[in-house]
Each structure stands twice: as structure tokens, then as C-alpha cells.
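I opened this entry to keep track of what I looked up, feature by feature. The order follows my own browsing.

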Amino acid sequence: RLLGNGGGERSRGAESQEQSEATAVRALTEARQHMGSTLEHIQQVQKRLDETSATIASTQRQYDEYGSRLKDAQALLGQLKRRTEEDSKYIWWSFWFFISVVVYIVLRRLKVFRLIWFGMSTAAWTGSTAAGAASGVV
């Protein structure tokens, strides 16, 4: 019995060691599979992050391009506004010059300038005559 019992304990210890090793191997295999799936998931997340980063970079480039085009358009609109204001000023000055030429022609045809000249010369002659007479009296 001693030998039989000793052999039985040994086989039980060997079986429990084998079971514990098998359990450890199963646990390690499950951990490895879990790590593999986690690694695959991380790689998918990394790929998605890379795609998102590329999309964001592309969007940023487009925004920069639109920003530069808006600045160019703003500068061109400023120049156009200044030119329009200058053109408007030139048009008004031309209009008033035209009106003054028309008024000059009309007054000349109506001989208004001769009447003004005659009135001024008469006033000057009257003034000088009156001044001469007044100095002769005094």
C-alpha cells in the first residue's frame, strides 16, 4: 500500500501539474488572442486617425486657399471702389465744365457780356466824372 499510495499521489500531482500547465497555456493563448484582436483594433483606429488627419489637412489647405482668394478679391474690390469714386468725381467735374461752357455760349449769344461791359464802363465813366466834378467843386 505504501508503494501503491505513493504512486497514486504522484500521478495525482502530475495530473494537477499538467492541468495547471494546460490552464496556463489556455490562459496565455486567450491572452495572446485578446492582444491580437486589441492590436488589430488599434491598427484600425490608427488607420482611421490617419484618414481623418489627411481629411483635416486637405480641408485646412482648402481653407487657406479660399482665404488667400478672399484677400485678393477684397483688394481688387477696394481698387474697384476707389476707381469708381475717381471716375464719378471726373464725371461730375466734366458735367459742370460742360454746363459752364453752355452758359458762356448762351450769355455770349444773348450779348449779356456786352451789356455787362457797357454797364461797367458807364459806371466807371460816371464815377470818374463825378469824382472830377467833386474835386473841382472842393
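**Salt bridge**

I started with E65, which at 36% relative accessibility counts as partly exposed. The model is a predicted one, and I kept that in mind throughout. I then looked for the partner of E65 and found R69, with the closest N and O atoms 2.8 Å apart. That places the pair inside the 4 Å limit for a salt bridge. R69 has a relative accessible area of 53%, so R69 is classed as exposed, the cut-off being over 50%. Both R69 and E65 sit in helix α1, four residues apart, about one turn of the helix. I noted the total for the protein as one salt bridge.

**Overall layout**

I checked the secondary structure next and recorded two helices and zero strands. Helix α1 covers residues 2-109, and α2 covers 112-137. How many of the 138 residues count as buried? I read off 0%. For the surface I noted that the protein exposes about 13,100 Å². Carbon and sulfur atoms supply 63% of that area.

**Aromatic pairs**

I counted three aromatic pairs in the structure. One of them joins W92 and F95, at 5.9 Å centre to centre with 90° between the planes. I logged the W92 and F95 pair as edge-to-face, since the angle is over 60 degrees. W92 and F95 are both in helix α1, three residues apart, which is about one turn of the helix. F95 also pairs with W96, again edge-to-face, at 5.2 Å and 70°. I drew these ring pairs as a cluster that links W92, F95 and W96.

Are W92 and F95 buried, exposed or partly exposed? I found W92 at 48% relative accessibility, so W92 counts as partly exposed. F95 has a relative accessible area of 38%, so F95 is partly exposed as well.

**Nonpolar patch**

I looked for nonpolar surface and noted a patch of about 680 Å². The residues that make it are F97, V101, Y104, I105, F113, I116 and M120. Which elements give two or more residues to the nonpolar patch? I wrote down α1 and α2. The largest share, four residues, comes from α1.

I picked Y104 from the patch for a separate check. Y104 has its place in helix α1. With a relative accessible area of 42%, Y104 is partly exposed. That value also clears the cut-off for patch residues, which is over 30%.

**Backbone at K111**

Last, I went through the backbone angles. Most residues other than glycine have a negative phi. I flagged K111, which is not a glycine and yet has a positive phi of about 60°. Where is K111 found? I located K111 in the loop between α1 and α2. K111 has a relative accessible area of 47%, so I entered K111 as partly exposed.

Key
Residues are numbered from 1 along each chain as its sequence is written. This is a predicted model: local features need pLDDT of at least 70, side-chain atom pairs count only at pLDDT 80 or more; totals for chains, interfaces and linings use all residues. Side-chain values use heavy atoms; hydrogens and water are left out. Rings of Phe, Tyr and Trp (its six-membered ring) pair if their centres lie within 6.5 Å; planes under 30 degrees apart count as stacked, over 60 as edge-to-face and the rest as tilted. Buried means under 20% relative accessible area, exposed over 50%, partly exposed in between (1.4 Å probe, protein chains only). Patches are made of residues with over 30% relative accessible area and no salt bridge: like charges are joined within 9 Å, nonpolar side chains (Val, Leu, Ile, Met, Phe, Trp, Tyr) within 5 Å. Accessible areas come from the Shrake-Rupley method with a 1.4 Å probe; for residues, only the protein chains shown count as cover. A salt bridge is a side-chain nitrogen of Lys or Arg within 4 Å of a carboxyl oxygen of Asp or Glu.
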